[in-house]
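Got your viewer open? Set it to cartoon, keep the selection box handy, and let's walk through this one stop at a time.

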Amino acid sequence: MDHDLHHTQHSEPHHDHASPAAGHGGASWAMAVKATLHCLTGCALGEILGMVIGTALGWGNVPTMVVAIVLAFLFGYSLTLLAVRRAGLGLRAAVKVALAADTVSIAVMELVDNAIIAFTPGAMDAQLSDGLFWAALLGGFAVAFLITTPVNKWMIGRGKGHAVAHAGHAGHA
């Protein structure tokens, strides 16, 4: 049998099965938790780095938060980009998958996390050595995780968000 034909025949059902919405009636909570933890890892790396940079350099609240948010998106997208590139996607396709998979998840996470930091009394003025700085930041991540997980579950169940990344992995593994 021709190898390309065999691969095409094999990859079609496998690709359909990779879509969480296909025949499964939605996404599992485990899948949503995994997607949210993946997103949280990138967000946390970027945001912590941004907060550390801004705080260490004595920047004001707005520039520090802007840098933290930009880095959260950059790190979040980068983790997905690396994963789907490793799975065999070309750069252009991998960028599209990363943007589709992570934009809403990162945006929700950053909105929630930064709102918690902004509304925690004294957190915006806390220094890196203050427990309040870390408590507000980590507490914000925890609440953001709890809010973003159902959003990811809903999106994955409809073939959006991280479902795109999973389809990208499966279609090229």
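Which residues in α3 are buried? Select Thr64, Met65, Ala68, Leu71, Ala72, Gly76, Tyr77, Thr80 and Val84, and you have them. Bear in mind as you go that this is a predicted model.

While that selection is up, recall a bit of helix geometry: an α-helix has 3.6 residues a turn, so residues three or four places apart point the same way.

**The whole fold**

Zoom out for a moment. You should count six helices and zero strands, and tracing the chain along the sequence gives α-α-α-α-α-α. There are 173 residues in the protein, and 38% of them are buried. If you turn on the surface, you're looking at about 9,100 Å² of exposed area, with carbon and sulfur atoms supplying 70% of it. As for contacts with a separation of 6 or more, 72% come from residues 24 or more positions apart.

**Back along α3**

Colour α3, residues 61-86. This helix has 26 residues and runs 37 Å from its first C-alpha to its last, close to the 38 Å expected at 1.5 Å a residue. Step just past the end of α3 to Gly88, which takes a positive phi of about 110°.

Now click on Thr64, which also sits in α3. With a relative accessible area of 5%, Thr64 falls under the 20% cut-off and therefore counts as buried. What does Thr64 touch, leaving aside neighbours within four places in sequence? Show its surroundings and you'll find Gly50, Met51, Gly54, Thr55 and Trp59 in contact with it.

**Over to α2**

Next, select residues 29-56, which make up helix α2. α2 has 28 residues and reaches 38 Å from first C-alpha to last, close to the 40 Å expected at 1.5 Å a residue. Just after α2 comes Gly58, with a positive phi of about 70°.

Pick out Cys43, which is found in α2. Is Cys43 buried or exposed? Cys43 is buried, since its relative accessible area is 0%. Beyond its neighbours within four places in sequence, Cys43 is in contact with Ala72, Ile106, Met109 and Glu110. Try the distance tool from Cys43 to Tyr77: these two are 34 residues apart in sequence, and their C-alphas are 9.1 Å apart in space.

**Into the core**

Cys43 leads straight to the next stop. In soluble globular proteins, nonpolar side chains tend to be buried together. Here, the largest nonpolar core has 22 residues, and those with the most contacts inside it are Cys43, Met51, Met109, Ile117 and Leu137. The elements that give two or more residues to this core are α2, α3, α4 (91-119) and α5 (131-157). α5 gives the most, with six residues.

Centre the view on Leu137. Not counting neighbours within four places in sequence, Leu137 is in contact with Glu47, Ile48, Met51, Asp113 and Ile117. Met51 should look familiar, as it turned up in the list for Thr64.

**Last stop: a patch on the outside**

Finish on the surface. Select Leu49, Ile53, Leu57 and Trp59: they form a nonpolar patch there, with about 350 Å² of accessible area together. Leu49 belongs to α2, the helix that also carries the buried Cys43. Why is Leu49 called partly exposed? Its relative accessibility is 36%, and that label covers values between the 20% and 50% cut-offs.

Notes
Residues numbered from 1 in each chain as written. Predicted model: local features only at pLDDT ≥ 70, side-chain atom pairs only at ≥ 80, totals over all residues. Heavy atoms only, no water. Patch = residues over 30% accessible without salt bridge, like charges linked within 9 Å, V, L, I, M, F, W, Y side chains within 5 Å. Areas by Shrake-Rupley, 256 points an atom, 1.4 Å probe, with all protein chains shown as cover. Salt bridge = Lys/Arg side-chain N within 4 Å of Asp/Glu carboxyl O. Helix = DSSP H or I, 4+ residues; strand = E, 2+ residues; numbered from the N terminus. Buried < 20%, exposed > 50% of the residue type's maximum accessible area, 1.4 Å probe, protein only. Expected span 1.5 Å × (residues − 1). Contact = heavy atoms within 4.5 Å. Core = buried A, V, L, I, M, F, W, Y, C linked by side-chain atoms within 4.5 Å.
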